[in-house]
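Reader: I've got a structure to go through and I'd like to know what stands behind each label. Could you take me through the calls one by one?

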Amino acid sequence: MRKKFNLNKRARFILSAFILGIGLLFIQSISFSWRYLVVGFWSILALPLCLWSLREGLTFKIEWFVTPILPVFFCAAVALFYFLFPQSLIYRISIFLFFSFGIYIVLLSENIFTVATLRTIALLRAAQAIGFLLTLLTVFFLYNTVFSFRLFPWWNAILVFFISLPLFFQSLWTIDLEKKIDVKILLFAVVFSLIVAQLALMVSLLPVNVLTGSLFLTCASYVLLGMASAEISGRLFKKTIYEYLAVGGLMFLALLLTTSWTG
């Protein structure tokens, strides 16, 4: 009887990262007028690849739609941000290596989260920290892309809201790993997304450059998610609040100082 061929989980992670990495290289070789459409289809490809890679650990319904959020958005973020780089061989190779390693780490982190919903795992704290950093990197790339389009301020706010909502929800869900949708976490995600969207509207009305505006929104996301994560895990103390507010205050001051009020 023929033995059934079956890849182990780590091999599936590597294969998925390689397939998506090759897809990223392909995107850069097609006509510019088709790139945004292809980026959308390519990012959606991360959804079945993620579910295939993690299939043994997807025990609860919520995991089927929460765990692919970061992989899908990370793919879109890197591809869109890649458009801003010069089209040279060295940049292509560098981005390919960065993305392939990054999506592999994302899949590893999501795997830890799915396992941690069933039993205690020592690597959970590390996975939460890595997931948090990758979420911030993803929103930075996407916020930067939105501002680069030079859209009407209200469009910037709307796009920032819909970018932030799923990523904020996924990031906060990894703190407690509830087996069903937690209304508190959903409320946090909606309110924080509205706050960041309003900040995006404010930034769009100020004479700031794209990089500064993107960093400011990313810093705001860091402050909001950081305090919410501490509150959910029962570690939100006065000192913690002051530290996060100090970071937010310094970034807001930097925004004001780098704004060209006479421009």
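**Rings, helices and cysteines**

Author: Sure, let's start with the rings: a search of the whole structure finds 12 aromatic pairs. Rings of Phe, Tyr and Trp (its six-membered ring) pair if their centres lie within 6.5 Å; planes under 30 degrees apart count as stacked, over 60 as edge-to-face and the rest as tilted. Keep in mind that this is a predicted model, where local features need pLDDT of at least 70, side-chain atom pairs count only at pLDDT 80 or more, and totals for chains, interfaces and linings use all residues. Residues are numbered from 1 along each chain as its sequence is written, and side-chain values use heavy atoms, with hydrogens and water left out.

Reader: What makes F81 and F140 a tilted pair?

Author: Their centres are 6.1 Å apart and their planes meet at 55°, so the distance passes the pairing limit and the angle is neither stacked nor edge-to-face. F81 belongs to helix α4 (residues 69-82) and F140 to helix α6 (residues 124-148), so the pair ties together parts 59 residues apart in sequence. Helices here are DSSP runs (H or I, at least four residues), numbered from the N terminus.

Reader: And why are F81 and F140 called buried?

Author: Buried means under 20% relative accessible area, exposed over 50%, partly exposed in between (1.4 Å probe, protein chains only). F81 has 16% and F140 has 13%, so both are buried.

Reader: Why is the pair of F161 and F162 called edge-to-face?

Author: The planes are 85° apart, with 5.2 Å centre to centre, so the angle clears the edge-to-face cut-off. F161 is buried at 15%, while F162 is exposed at 54%.

Reader: How do you know that the charge of R12 sits over the ring of W52?

Author: The rule asks for NZ of Lys or CZ of Arg within 6 Å of the ring centre and within 35 degrees of the ring normal. For R12, the charged end is 5.9 Å from the centre of the W52 ring.

Reader: What makes the buried residues of α1 line one face?

Author: Helix α1 covers residues 9-27, and its buried residues are R12, F13, S16, A17, L20, G21, G23, L24 and I27. Seen down the axis, they fall within an arc of 165°, so they line one face of the helix; the arc is that of the directions from the helix axis to the C-beta atoms. Those buried residues pack against α2 (32-53), α4 and α5 (89-116).

Reader: Why is α4 described as mostly covered?

Author: Of its 14 residues, 13 are buried.

Reader: What does L225 touch, and why is L225 called buried?

Author: L225 is in helix α9, and its relative accessible area is 0%, so L225 is buried. Contact means heavy atoms within 4.5 Å. Leaving aside neighbours within four places in sequence, L225 is in contact with F132, T135, F168, S171 and L172. T212 is also in α9 (residues 210-232), and by the same kind of count T212 is in contact with M251, L255 and T258.

Reader: How many disulfides are there?

Author: The count comes to zero. A disulfide is a pair of cysteine sulfur atoms within 2.5 Å. For C50, the closest cysteine sulfur is in C75, 9.3 Å away, which is too far for a bond. C50 is also buried, at 1%.

Key. Helices (H or I, at least four residues) and strands (E, at least two) are DSSP runs, numbered from the N terminus. The expected span of a helix is 1.5 Å times one less than its number of residues.
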